[in-house]
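Student: Could we go through this one by asking what each label rests on? I'd like the reasoning spelled out.

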Amino acid sequence: MKVKDPVQYMRRTKAYYEAQGFDTPYQYAHFTDVPFAKPTKSLASSTLGLVTTASTYPRAPQEPRQVDTAPIKTDLKLYAGDLSWDKSATHLDDRNSFCPIDSLQACVSEGKIGHLAPHVQCIPTEYSHRATLEHDAPEVHQRLLADGVDVALLVPL
Amino acid sequence: MGSALDIVQHCGAARFFFVDFPLGNPCGKPWDRTMQDHLVSAAVELFEAADQSPTTVYAREDWGDVGWKQRYMAVDDSNRAELAIKGAALRRNRHDRQKRIL
C-alpha cells in the first residue's frame with residue numbers, strides 16, 4: 001500500500017478479526033444497481049436532511065441500536081464511542097467534524113441550500129443487512145419525509 | 001460524505017464525496033471551521049453537479065500526518081497474540097450470554 005492510497009478498510013478489518021480467530025469474514029453490502037434521481041428543484045430551494053450514524057446518547061458496546069431523531073439545536077450532543085472510528089488518530093469533541101450542522105447552516109445563510117431540516121436522523125450501524133433494508137432505512141426515510149426533506153446528506157462515521 | 005472509500009464504493013452510492021481522513025472526521029479536521037465549511041459546501045454541490053450513478057468526488061484536503069493509515073486496525077507481530085486472546089474472550093462472553101438466555 002502506498003502511503004497516499006486510501007485505506008482498504010474491508011481488507012484491514014477482515015485481517016483484524018481473523019487475527020482474533022473469527023474465520024467468517026463480514027459480507028459488506030453490495031448493490032449492482034444504484035438508482036440515480038435528479039433533484040426536482042434547485043438546491044437553493046430545497047430542504048436538506050442530515051443523517052448520521054452517531055447517536056443521541058452514549059451506547060454501550062453490545063447495546064442494541066435503534067433509529068433515533070434529535071431536534072437540531074446549538075448544544076446538541078451526539079455520541080459514537082461504540083463505533084469503530086479511528087480513536088488513536090482523532091476525536092469527536094467537535095460535533096461539526098462528523099455531523100456538520102454548523103457548516104450546513106452556513107450553506108443556508110449563503111443561500112446555497114434552501115433550508116436545513118429541523119431534525120438530524122440517527123441511523124444505526126447495523127451488521128444485519130435485513131435490519132437496515134427492512135426496518136432502519138425505511139424508518140429514517142419516513143422521518144425525513146415528515147420533515148419535508150428534498151435531499152438527504154448521509155455522513156457515516 | 002465519508003472516509004471509507006472501499007466500503008462505500010462496494011456498497012454503491014449514487015453520489016459520494018470522499019474525504020481521505022481518519023474515520024470519525026469525514027467533514028474536516030476538528031475545530032477547523034474553514035476547512036469544514038469548504039468540504040461540506042463542496043459535498044452538497046454534488047446534488048446538482050452529478051449526472052449519473054455512481055459519482056465519486058475526491059476532496060483534495062490532506063490530513064497531514066499519514067501514519068494513521070498504517071496504524072488503523074493493523075495486525076503484526078506486536079499485537080497478534082493479544083488479538084488472539086481478545087477474540088477468545090469475546091467468544092467466551094458471547095457463549096456465556098447465550099447460556100444465560102437459554
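Student: Where is Pro54(B) found?

Tutor: In this predicted model, Pro54(B) sits in the loop between α2 and β2 (55-58) of chain B.

Student: What makes the peptide bond from Ser53(B) to Pro54(B) cis?

Tutor: Its omega is near -5°, and the bond is cis. As background, most peptide bonds are trans.

Student: And which backbone angle stands out at Trp31(B)?

Tutor: Phi. The angle is near 70° at Trp31(B), a positive value in a residue other than glycine. Trp31(B) belongs to the loop between β1 and α2 of chain B. Met73(B) also has a positive phi, about 50°, and is not a glycine; this residue lies in the loop between α3 and α4 of chain B. Most residues other than glycine have a negative phi.

Student: Why is Trp31(B) called exposed?

Tutor: Count the other C-beta atoms within 10 Å: Trp31(B) has 11. Exposed means 12 or fewer, so Trp31(B) qualifies.

Student: Then why is Met73(B) called partly exposed?

Tutor: Met73(B) has 18 other C-beta atoms within 10 Å. Buried needs 20 or more and exposed needs 12 or fewer, so Met73(B) falls in between and is partly exposed.

Student: How do you know whether Lys41(A) counts as buried or exposed?

Tutor: Use that cut-off again: Lys41(A) has 11 C-beta neighbours inside 10 Å, and 12 or fewer is exposed, so Lys41(A) is exposed. Lys41(A) lies in the loop between α1 (9-19) and β1 of chain A. Leaving aside neighbours within four places in sequence, the contacts of Lys41(A) are Ser46(A) and Asp150(A). Lys41(A) and Asp150(A) are 109 residues apart along the chain, yet their C-alpha atoms are separated by 8.3 Å.

Student: How does a pair with C-alpha atoms separated by 8.3 Å still count as a contact?

Tutor: The contact test uses C-beta atoms, within 7 Å, so the C-alpha separation of 8.3 Å does not decide the matter. Lys41(A) is in contact with Asp150(A).

Student: Let's turn to chain B as a whole. What makes chain B more spread out than a compact globule?

Tutor: Chain B has four helices and two strands, in the order α-β-α-β-α-α. Its radius of gyration is 19 Å, and the globule rule gives 13 Å for 102 residues; the value is well over the rule, so chain B is more spread out than a compact globule. Along the principal axes, the C-alpha trace of chain B spans about 55 × 35 × 25 Å. The domain assignment gives domain 1 (1-65) and domain 2 (72-102), and the C-alpha centres of these domains lie 33 Å apart. Buried residues make up 28% of chain B.

Student: How do you know that the length of α2(B) agrees with its residue count?

Tutor: α2(B) has 17 residues, which at 1.5 Å a residue should span 24 Å; the end C-alpha atoms are 24 Å apart, so the two agree.

Student: Which residues of α2(B) are buried, and what covers them?

Tutor: Among them are Met35(B), Leu39(B), Val40(B), Val44(B) and Phe47(B). The cover includes β1, α2 and β4 of chain A together with β1 of chain B.

Student: Which element gives the most to the largest nonpolar core?

Tutor: That core has 47 residues, and those touching the most other members include Leu48(A), Leu153(A) and Val44(B). α2(B) gives the most to this core, with six residues. Leu153(A), not counting residues up to four places away in sequence, touches partners including Leu50(A), Met1(B), Ala43(B) and Val44(B). In soluble globular proteins, nonpolar side chains tend to be buried together.

Student: Last one: how many residues does each chain bring to the contact, and which classes turn up on chain B's side?

Tutor: Chain B brings 47 residues and chain A brings 48. The largest share of chain B's side, eight residues, comes from α2(B). By class, that side has 27 nonpolar, 11 polar and nine charged residues.

Technical notes. Residues are numbered from 1 along each chain as its sequence is written. Chains are lettered from A and ligands numbered from 1 in the order in which they are written. This is a predicted model: local features need pLDDT of at least 70, side-chain atom pairs count only at pLDDT 80 or more; totals for chains, interfaces and linings use all residues. Two residues are in contact if their C-beta atoms, placed from the backbone, lie within 7 Å. Ala, Val, Leu, Ile, Met, Phe, Trp, Tyr, Cys and Pro count as nonpolar, Asp, Glu, Lys and Arg as charged, and the others, Gly among them, as polar. Domain bounds come from an automatic or database domain assignment. The radius of gyration is taken over C-alpha atoms; the globule rule is 2.2 Å times the number of residues to the power 0.38. A nonpolar core is a set of buried Ala, Val, Leu, Ile, Met, Phe, Trp, Tyr and Cys residues joined through C-beta atoms within 7 Å. The expected span of a helix is 1.5 Å times one less than its number of residues.
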